[in-house]
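Biologist: I should like a close look at one part of this model, with its surroundings explained for someone who has not met the structure before.

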Amino acid sequence: MTRTIRLALAATGLAAIASLATAQAFEPQKAQELRESHMKLMGAHIGILGGMAKGEVEYDAATAAAAAETLSALASAAAAGDLYWVEGSSSDALEESRALPAIWDKTEEFESGQTKLVEAAMTMQDAAGTDLAALQGAMGALGKACGDCHETFRQPEEE
């Protein structure tokens with residue numbers, strides 16, 4: 001599948017998510033559901049890249065490039081904010097939400113973290129299809145961006 005087709009498919013998927021969120025009038029429950037689905041999708045692509053970086057999965061340049069390209073698009077969409085980060089969708093308001101109220105209390109810090117994620121995802125996009133060493137080199141910043149945000153803005157999973 002060509003890069004142009006993959007980008008078009010990713011854009012179509014993101015547009016569908018945006019349309020669904022708009023149709024739901026940004027209800028907190030729907031925003032939380034969309035956000036959770038979006039984060040799981042991002043996690044799946046990070047998992048592909050991480051598996052290759054750790055040697056758990058054989059490195060394949062085309063697969064790595066596709067995963068990184070999709071991840072970059074997803075990170076950019078999440079940073080847009082209006083669809084996923086709706087007031088009233090925090091863990092204080094919704095039992096199933098893991099988004100801490102700090103997202104809305106520390107908006108600048110949260111947005112800075114999102115910017116770091118987008119930048120790390122773009123770096124990964126540039127590196128992933130090059131070779132295994134480049135992919136491995138980009139994983140640190142990507143993992144740090146994810147981890148820093150989760151540490152500050154996501155409620156830990158219940159055991």
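Does serine 97 count as buried or exposed, and at what relative accessibility?

Modeller: Serine 97 counts as buried because its relative accessibility is 2%; buried means under 20% relative accessible area, exposed over 50%, and partly exposed in between, with a 1.4 Å probe and protein chains only. The model is a predicted one, in which local features need pLDDT of at least 70 and side-chain atom pairs count only at pLDDT 80 or more, while totals for chains, interfaces and linings use all residues. Residues are numbered from 1 along each chain as its sequence is written, and side-chain values use heavy atoms, with hydrogens and water left out.

Serine 97 belongs to the loop between H3 and H4. Leaving aside residues up to four places away in sequence, serine 97 touches Gln32, Arg35, Ser89, Ser90, Ser91 and Gln155, where contact means heavy atoms within 4.5 Å. Proline 28 lies 69 residues away along the chain, yet the C-alpha atoms of serine 97 and proline 28 are separated by 9.9 Å.

The setting of this loop can be seen from the whole chain. The protein chain has six helices and zero strands, these being DSSP runs numbered from the N terminus (H or I for helices, at least four residues; E for strands, at least two). Read from the N terminus, the elements therefore run α-α-α-α-α-α. The chain has 159 residues, 36% of which count as buried. Among contacts between residues at least 6 apart in sequence, 69% join residues at least 24 apart.

Arg35, one of the residues touched by serine 97, leads to the largest pocket. That pocket has a volume of about 620 Å³. Its lining has 26 residues, and the closest to its centre are Arg35, Met39, Trp85, His150 and Arg154. On a 1 Å grid over the protein atoms alone, a pocket is an open set of points with protein on both sides within 12 Å along at least five of seven lines, whereas a cavity is a set where a 1.4 Å probe fits but cannot get out; lining residues have an atom within 4 Å of a point. Points are joined across faces, edges and corners, and a volume is the space filled by probe spheres set on them. Helix H2 (28–54), helix H3 (61–80), H5 and helix H6 (132–153) each supply at least two residues of this lining. The greatest contribution comes from H2, which gives eight residues.

The second largest pocket has a volume of about 170 Å³. Of the 10 residues in its lining, Trp85, Ile103, Thr107, Phe110 and Glu111 are the closest to its centre. Trp85 is thus named for the centre of the largest pocket and for that of the second largest pocket. Helix H4 (102–105) and H5 each provide at least two residues of the second lining, and H5 gives the most, with four.

Glutamate 111 sits in helix H5 and counts as partly exposed, because its relative accessibility is 43%. Cysteine 149 is 38 residues away from glutamate 111 along the chain, and their C-alpha atoms are separated by 9.8 Å. Helix H5 covers residues 107–128 and has 22 residues. Its buried residues include Phe110, Gly113, Gln114, Leu117, Val118 and Met124. Phe110 is therefore buried by the stated cut-off while also being among the residues closest to the centre of the second largest pocket.

The helices on either side of the loop between H2 and H3 complete the picture. Isoleucine 46 lies in helix H2. Beyond residues up to four places away in sequence, isoleucine 46 touches Leu71, Leu142 and Cys146. Isoleucine 46 and alanine 67 are 21 residues apart in sequence and 7.6 Å apart in space, C-alpha to C-alpha. Helix H3 has 20 residues, and both Ala67 and Leu71 are among its buried residues, along with Ala64, Glu69, Ser72 and Ala78. Valine 57 is placed in the loop between H2 and H3. At 43% relative accessibility, valine 57 counts as partly exposed, and its contacts, not counting residues up to four places away in sequence, are Gly51 and Met52. Serine 97, in the loop between H3 and H4, is by contrast buried at 2%.

Definitions and conventions:
Expected span 1.5 Å × (residues − 1).
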